[in-house]
Amino acid sequence: MIFNNQYIQERIKKADKLREEGINPYPQNIKKGISSKEFFQKFENLKELDAEVKEDKTQEVTLTGRIKFVRIMGKAAFAKIEDQDGLVQIYYNRDELPEGYYNNVVKRLFEVGDIIQATGYPFVTQTGELTLHCKDIKIVSKAITPLPEKFHGLQDQEIRYRQRYLDMIVNPEVKDIFRLRSKVVSIIRRFFEEHGFLEVETPMMHPIPGGANARPFVTHFNALGIDRYLRIAPELYLKRLVVGGLESVFEINRNFRNEGMDHTHNPEFTMLEFYWAYHTYEDLMDLTEKLFERLFSELNLPTKMQYGDLEIDFSTPFKRIKWEDAIVEIAGLPREKLRDKDAIIEFLKSHDIEVEANLSLGKLQEEIFDNFIEEKLINPTFLTHYPVDISPLARRNDQDPEITDRFEFFIAGKEIANGFNELNDPIDQLERFKAQVKAKEVTGDDEAMHMDLDFVRALSYAMPPTAGQGIGIDRLVMMLTNQHSIRDVLLFPAMKPEAKIAEVSSDKACKKCGNTNEEELKPAKKGKGYFCIDAAACAKRAAKKKK
């Protein structure tokens, strides 16, 4: 069973003991007092008093938080409790609480992990710490599962991601990442509203997966007896709205792509997409620079920031370089060979990169980009003028029909955004879709787009010249918080299935070496934990574990 662990059993007994004392370990109608932040702001001046005893007994203050540390000193105790703003110290003693309450309840039944409410007055300890001198302490919620040990913390990454609630309890700095993420989304929303954009919501279940080259998740619509696809991008719906007369729209959306997971990919992720009629991709790049200036200003971030071993300069304007120029200048392919498929294949082979001979020119150039260019785009960089065959929704360039008016935006070698002048020629769009369908059939490209005749029909009613862009919120937050795994900026990232919790029978393990073979264990003398029967073997295992 889930609660078979002996430490949990001990805590359950303490919860039952509270009930025997007439105390509900899970009371309702608890009103939170002031926050720890407000407590420090309001009474910081006590530290400046010119008095032997620095206190204010005229003030009655109530604090609520989780016990993170307790130091019992016989008839008195200090504890640290934590709320969403941080830690605050409290002090309580036997003589100032109701008779028997300190010894029988607080001292014996309250412990680290419990959420309590403390009421008293502020004072400053001899070590100069602002503290609450308690006159009353109540249980708010009894924790029956103990927190990880203070000095070892929570190091297991899988547990951190799977049990994010525990991660935030043990590693409070994690909450700062998600506070910043929330601020980023809020700033983005206000920025686009102030620039005249309308926030909209589009379907998350699509009859045809579209808007990006990606493998979709499939679900079933029972009421209609048909399959539906979880949204891989809202693009085609947002452009339908532009056709309908909503000339500036944006959506902060959840997308789903049935692909692999790594440090920059999660199958469920958040994107900002926006579409701007009567503007161009150059306008989008200018607007992106203004958005970054706004983010750095409101978040009070320096324009030069560390990202791992890299220093990134976010000063605007950001660098802009054409796709083919990058291949020549960064990858080293001679310019006269840029559109020669055989020459590109030979170039790749000379670097031990094997590719299919039937790949299109754009796909071959993309191989060069992936292997030689992307990781070198460290400072914010707009890469522009992508090939047509890897840009099925972007408008062709008027001067060179083999390329598109498109850019991708990179930071620290990672794609953060994608934008382009939208294709609004319905005939061209129909032919692009046909090419994608053919690629799916001929090459087996399961990420190629499906035919969407309704979208082509929408374009046939005329869409004004429009530019559109998507920005990955998750990767953007990674950059701003110096995180190197997308899982660290997602509250609940995708994980492999966990072993059924109900099948976990016990937590028997040697406290010294971690041995879990029950036949080799014996209970500790005081009943708290287990030790190995063979002390010599235990010592060897413990020494090996330290190495």
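Here is a quick tour of one helix, a barrel, a small sheet and two nonpolar cores. Keep in mind that this is a predicted model. The barrel is closed and built from five strands, while the small sheet is open and has three. As for the cores, the largest holds 48 residues, and a second, separate one holds 28.

**Helix H1**

- H1 covers residues 6-20, and its length checks out: at 1.5 Å a residue its 15 residues should span 21 Å, and the end C-alpha atoms do sit 21 Å apart.
- Ile8, Arg11, Ala15 and Leu18 are the buried residues to look at here. They line one face of the helix, because the buried residues of H1 fall within an arc of 65 degrees when you look down its axis.
- Flip to the face turned away from that buried side and you'll find Lys13 and Glu20, both exposed.
- Helix H3 (101-109) is part of what covers the buried residues of H1.
- Just after the helix comes glycine 22, with a positive phi near 85 degrees.

**The five-stranded barrel**

- Going around the closed barrel, the strand order is S1-S2-S3-S5-S4, and the pairing is mixed. From one strand to the next, the twist averages 50 degrees.
- S1 (residues 61-73) and S4 (residues 115-124) run antiparallel and are joined by six bridges. In this part of the barrel, arginine 66 sits opposite isoleucine 115 of S4.
- For a parallel pair, look at S3 (residues 86-93) and S5 (residues 130-141), which share three bridges. Tyrosine 91 has histidine 133 in S5 as its bridge partner.
- S4 also pairs with S5, antiparallel this time, over 10 bridges. Glutamine 117 faces lysine 138 of S5.
- S4 and S5 make a hairpin with five residues between the strands, and glycine 128 in that hairpin has a positive phi near 90 degrees.

**The open sheet**

- The three strands are ordered S7-S9-S8, with antiparallel pairing.
- S7 (205-206) and S8 (218-221) are the edge strands; each has a single partner strand, so one side of each has no neighbour in the sheet.
- S7 is joined to S9 (residues 226-230) by two bridges, with the strands antiparallel. Methionine 205 stands opposite leucine 230 of S9.

**Nonpolar cores**

- In the largest core, with its 48 residues, the members that touch the most others are Ile188, Phe192, Phe274 and Ile411.
- Both helices and strands feed this core: among those supplying at least two residues each are helices H6 (173-194), H8 (281-298) and H14 (473-481), along with strands S11 (268-277), S12 (304-307), S16 (406-411), S17 (414-421) and S18 (466-472). H6 gives the most, with 10 residues.
- Isoleucine 411 is worth a click: setting aside neighbours within four places in sequence, it is in contact with Phe292, Ile312, Phe314, Leu377, Ile378, Pro380, Ile416 and Met479.
- The second core is separate and has 28 residues, including Leu18, Val106, Ile116 and Val124. Leu18 should look familiar, as it is one of the buried residues of H1.

Definitions and conventions: Residues are numbered from 1 along each chain as its sequence is written. This is a predicted model: local features need pLDDT of at least 70, side-chain atom pairs count only at pLDDT 80 or more; totals for chains, interfaces and linings use all residues. Side-chain values use heavy atoms; hydrogens and water are left out. Helices (H or I, at least four residues) and strands (E, at least two) are DSSP runs, numbered from the N terminus. The expected span of a helix is 1.5 Å times one less than its number of residues. Buried means under 20% relative accessible area, exposed over 50%, partly exposed in between (1.4 Å probe, protein chains only). The arc is that of the directions from the helix axis to the C-beta atoms. Contact means heavy atoms within 4.5 Å. Two strands pair if DSSP finds at least two bridges between them. Axes are lines fitted to C-alpha atoms, for helices over the stretch in contact, and angles run from 0 to 180 degrees between N-to-C directions. A nonpolar core is a set of buried Ala, Val, Leu, Ile, Met, Phe, Trp, Tyr and Cys residues joined through side-chain atoms within 4.5 Å.
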